[in-house]
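Subject: The structure we talked about

Hi there,

Here is the structure I promised to hand over. Please open it and keep it in view while you read my notes below.

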Amino acid sequence: MLERLTDFANKELLIKVNLNSNDTFFDSKNKIICVHYKETKTNKCFSLLHEFGHVIQPVSFFQVDNKNINICKTLILQQELNAWELGWLIAKYLGLDTELSKNDYIKESSLSIKSYIEMIYNADINYIRSSAVDYKINESDRLPEWVKMYELINLIKY
Ligand SMILES: [Zn+2]
């Protein structure tokens, strides 16, 4: 399954994948998704699906306003939730939803969202602002192919 997801990233999203990284994130500038080497195979699949969600997600309704910290916080949560939802739609699009547990995926999503909620209420204001700006960078770097993919994915129901 990891191979199928990596293949999808390379061929359809035009993104490279590193499954042996020290952290899990999507680097939109270098077009690479990194996944922590310690994650289990299933969690690596979940993480890849979530990061694919970031790759194709549309411009946020909550445009970044650096002066307003509450908008920055809302944007971060909205983009994170949206990426988890899109990730599951991509699993369906690839026909992998029958091999993966939706319940486990949702559990993993909520753990991740919980850590973002903790982050936005505990982290330094400047860190929150720079994190929110990172999503804006993702948006402006988006390739037309990803937009097409998003439109396709959006036809699929949970
Ligand atoms: Zn994320």
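Val59 sits in the loop between helix 2 and helix 3. This is a predicted model, so please read everything here as computed from a prediction. Val59 has 13 C-beta neighbours inside 10 Å, and it therefore counts as partly exposed. If you look for Lys16, you will find it 43 residues from Val59 in sequence and 22 Å away in space, C-alpha to C-alpha.

Now to the helices on either side of that loop. Helix 2 covers residues 41-56. Is helix 2 largely enclosed by the rest of the structure, or largely open? Of its 16 residues, 13 are buried, so helix 2 is largely enclosed. You can also check its length by hand: at 1.5 Å a residue, the 16 residues should span 22 Å, and the end C-alpha atoms are 23 Å apart, which agrees. Helix 3 covers residues 69-93, and the same kind of check works there: its 25 residues should span 36 Å, and the end C-alpha atoms are indeed 36 Å apart. Just after helix 3, look for Gly95, which takes a positive phi of about 70°.

Next, how the helices pack. Two packed helices are described by the angle between their axes and the distance between the axes. I will go through three pairs that way.

How do helix 2 and helix 3 lie relative to each other, parallel or perpendicular? Their axes come within 7 Å and cross at roughly 105°. An angle from 65 to 115 degrees counts as roughly perpendicular, and helix 2 and helix 3 are therefore described that way. On the helix 2 side, the residues that meet helix 3 are Leu49, His50, Phe52, Gly53, His54 and Ile56. On the helix 3 side they are Asn82, Ala83, Trp84, Glu85, Leu86, Gly87, Trp88, Ile90 and Ala91. By class, this contact has 9 nonpolar, 5 polar and 1 charged residues.

Helix 1 (residues 2-11) also packs against helix 2: the two axes come within 10 Å and cross at roughly 20°. Helix 1 and helix 2 are therefore roughly parallel to each other. Their crossing is left-handed. Leu2, Leu5 and Ala9 of helix 1 make the contact with Lys41, Lys44, Cys45, Leu48 and Phe52 of helix 2. Sorted by class, those residues are 6 nonpolar, no polar and 2 charged.

The third pair is helix 3 with helix 4 (residues 102-122), whose axes come within 10 Å and cross at roughly 170°. That makes helix 3 roughly antiparallel to helix 4. The crossing in this pair is right-handed. From helix 3, the contact is made by Lys73, Ile76, Leu77, Glu80, Leu81, Trp84 and Trp88. From helix 4, it is made by Lys102, Tyr105, Ser109, Ser112, Ile113, Tyr116 and Ile120. The classes here are 9 nonpolar, 2 polar and 3 charged residues. While you are reading those lists, here is a handy rule: an α-helix has 3.6 residues a turn, so residues three or four places apart point the same way.

Trp88 deserves a look of its own. It lies in helix 3. Is Trp88 buried or exposed? With 23 C-beta neighbours inside 10 Å, Trp88 counts as buried. Leaving aside neighbours within four places in sequence, Trp88 is in contact with Leu49, Lys102, Tyr105 and Tyr158. The C-alpha atoms of Trp88 and Ile153 are separated by 9.8 Å, although these residues are 65 apart along the chain.

For contrast, try Ser130 in helix 5 (residues 125-140). Ser130 has 12 C-beta neighbours inside 10 Å and so counts as exposed. Ser130 and Asn66 are 64 residues apart in sequence, with 8.6 Å between their C-alpha atoms.

Finally, two loop residues to find. Leu14 lies in the loop between helix 1 and strand 1 (16-21). Its phi is near 60°, a positive value in a residue other than glycine. Leu14 is exposed, because 12 other C-beta atoms lie within 10 Å. Lys31 lies in the loop between strand 2 (25-27) and strand 3 (32-36). Phi of Lys31 is near 55°, again positive in a residue other than glycine. Lys31 has 15 C-beta neighbours inside 10 Å, so it counts as partly exposed.

Happy exploring, and best wishes!

Methods:
Residues are numbered from 1 along each chain as its sequence is written. This is a predicted model: local features need pLDDT of at least 70, side-chain atom pairs count only at pLDDT 80 or more; totals for chains, interfaces and linings use all residues. Axes are lines fitted to C-alpha atoms, for helices over the stretch in contact, and angles run from 0 to 180 degrees between N-to-C directions. Helices (H or I, at least four residues) and strands (E, at least two) are DSSP runs, numbered from the N terminus. Angles under 35 degrees count as roughly parallel, over 145 as roughly antiparallel, 65 to 115 as roughly perpendicular and the rest as oblique. A crossing is left-handed if the near helix is turned anticlockwise from the far one by less than a right angle, and right-handed if clockwise. Two residues are in contact if their C-beta atoms, placed from the backbone, lie within 7 Å. Ala, Val, Leu, Ile, Met, Phe, Trp, Tyr, Cys and Pro count as nonpolar, Asp, Glu, Lys and Arg as charged, and the others, Gly among them, as polar. A residue is buried if 20 or more other C-beta atoms lie within 10 Å of its own, exposed if 12 or fewer, and partly exposed in between; C-beta atoms are placed from the backbone. The expected span of a helix is 1.5 Å times one less than its number of residues.
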